[in-house]
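Visitor: Please take one part of this structure and go through it closely. I would like to look at enclosed space inside the protein, and then at what surrounds it.

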Amino acid sequence: MSSLRPARVLSAADKAYRALLFVYPAAHRREYGPLMAELFRDLCRDAVQQGGTFALFDLWLRTLLDMAVTAVSEHLYEKGRTPMTNVLHTDGLIPALEAYWGELTGTEDFEVHLTVDGQVPRLIEGAESAIFNAVGEAIGNAKAHAQANNVWIAVRCQHDTLEVSVRDDGQGFNVDRVRTECELGGGPDEIDMSDRVQVAQGTMSVQSAVGEGTTVRISVPVAPNLEAKAG
Amino acid sequence: MPKPKDMLPLTPAVLHILLALGDGPKHGYGIMKEVETITEGRTTMGPGTLYGSIKRMLASRLITETDERPASERDDERRRYYRLTGFGWGVLAAEAQRLSRLVLVAQRKRLLGGAEGI
């Protein structure tokens with residue numbers, strides 16, 4: 001049994017935790033910072049009861065390593081996000097599409113128009129990123145192949161269904177021929193877009209004809225994808 | 001919504017947290033102590049690993065914060081308690097099935113229960 005008094009243990013724990021924040025400074029800014037500090041105090045009490053000062057020092061070293069690994073892991077995770085995915089993550093689909101529209105406006109050979117009709121709720125992260133990425137693919141295809149003057153992104157939420165369409169006034173293409181090429185391993189990314197949308201239990205369709213532009217329609221049921229906390 | 005098997009295989013930290021919550025809501029310290037018990041002290045998680053995993057598990061809907069509290073003499077109002085969601089139960093069950101299939105393979109290859117010649 002240790003001779004360290006509980007008050008001294010807690011005081012030492014708080015000082016030790018503050019020292020650990022040198023390797024993981026973001027911890028004190030995070031929502032879980034105070035919870036981690038409280039947990040560290042609990043662990044210090046346990047360590048002192050079981051093994052005294054030496055156990056306390058051992059705990060401090062192990063926590064130092066743990067927090068360093070967590071800091072590196074979070075840093076790499078944040079670096080992997082683009083500014084756009086950060087907007088998507090924190091603010092949702094519509095702000096991310098608005099930011100994307102802002103990025104495209106004035107920088108592309110075509111004009112981009114964005115309309116939003118209806119109240120669009122926050123969806124779970126997987127659904128929002130699936131829709132956003134599918135829109136990005138459609139715009140990318142329009143950029144690469146369509147030679148369009150205009151691209152319209154329309155978002156509409158009605159009757160528990162979210163519909164997103166991406167339409168261009170470009171040269172269009174033979175959908176059946178391209179679909180066959182995709183299945184044989186070449187051609188644009190229609191199949192990838194469809195896979196993305198299926199993550200959100202949605203459907204996707206592509207309408208196009210030579211000389212008549214292209215419309216990509218994505219339809220996602222809202223209810224299974226709602227952000228509302230599970231009961 | 002992803003299916004439970006889409007989340008597999010789980011990292012050891014996530015698996016142990018799900019197992020720890022299998023018998024009721026717990027706060028962070030309780031989860032950590034339960035993991036130590038389950039693994040007979042062989043697995044310990046630091047505060048960073050624990051709350052980093054909890055954050056991601058909340059985002060993936062494997063667990064949720066809960067207002068359910070244990071009996072008042074064991075409750076601690078400062079703590080946040082977590083519990084498994086229905087989806088979390090499904091993922092835990094799917095991972096347990098996957099691991100049990102691996103155990104069957106190991107048994108067929110005589111790697112468990114005192115293999116001959118070792």
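**The cavity and its surroundings**

Guide: The structure, which is a predicted model, holds one cavity of 30 Å³ or more. The volume of the largest cavity is about 50 Å³. Both chains contribute to its lining: from chain A come Tyr24(A), Arg30(A), Tyr32(A), Met36(A), Thr70(A) and Glu74(A), and from chain B come Gly48(B), Tyr51(B), Gly52(B) and Lys55(B). Two or more lining residues are given by α2 (33-79) of chain A and by α3 (47-59) of chain B. Of these elements, α3(B) supplies the largest share of the lining, with four residues.

That helix belongs to a chain with four helices and two strands. Along the sequence of chain B the order is α-α-α-β-β-α. Chain B has 118 residues, and 42% of them are buried. Its exposed surface is about 6,800 Å², of which carbon and sulfur atoms supply 54%. If contacts in chain B are counted between residues at least 6 apart in sequence, 54% of them join residues at least 24 apart.

One residue of chain B can be followed in detail. Tyr82(B) sits in strand β2 (residues 81-84) of chain B. Tyr82(B) has a relative accessibility of 0% and therefore counts as buried. Between the C-alpha atoms of Tyr82(B) and Gly24(B) there are 8.7 Å, although the two residues are 58 apart along the chain.

Chain A, the other contributor to the cavity lining, also has a sheet to describe. Five of its strands form an open, mixed sheet in the order β1-β2-β3-β5-β4. The edges are taken by β1 (111-117) and β4 (203-208) of chain A; each has a single partner strand, so one side of each lacks a neighbour in the sheet. On average, neighbouring strands of this sheet are turned by 10° against each other, with direction ignored.

Within the sheet, strands β3 (residues 161-168) and β5 (residues 214-221) of chain A run antiparallel and are joined by eight bridges. Thr161(A) has Pro221(A) of β5(A) opposite. In general, the strands of a sheet pair through backbone hydrogen bonds, in either a parallel or an antiparallel manner. Helix α4 (residues 93-104) of chain A lies across β1, β2 (150-158) and β3 of chain A, and runs at about 160° to β1(A).

Note on methods. Residues are numbered from 1 along each chain as its sequence is written. Chains are lettered from A and ligands numbered from 1 in the order in which they are written. This is a predicted model: local features need pLDDT of at least 70, side-chain atom pairs count only at pLDDT 80 or more; totals for chains, interfaces and linings use all residues. Side-chain values use heavy atoms; hydrogens and water are left out. Buried means under 20% relative accessible area, exposed over 50%, partly exposed in between (1.4 Å probe, protein chains only). Contact means heavy atoms within 4.5 Å. Accessible areas come from the Shrake-Rupley method with a 1.4 Å probe; for residues, only the protein chains shown count as cover. Two strands pair if DSSP finds at least two bridges between them. Axes are lines fitted to C-alpha atoms, for helices over the stretch in contact, and angles run from 0 to 180 degrees between N-to-C directions. On a 1 Å grid over the protein atoms alone, a cavity is a set of points where a 1.4 Å probe fits but cannot get out, and a pocket is an open set with protein on both sides within 12 Å along at least five of seven lines; lining residues have an atom within 4 Å of a point. Grid points are joined across faces, edges and corners, and a volume is the space filled by probe spheres set on the points.
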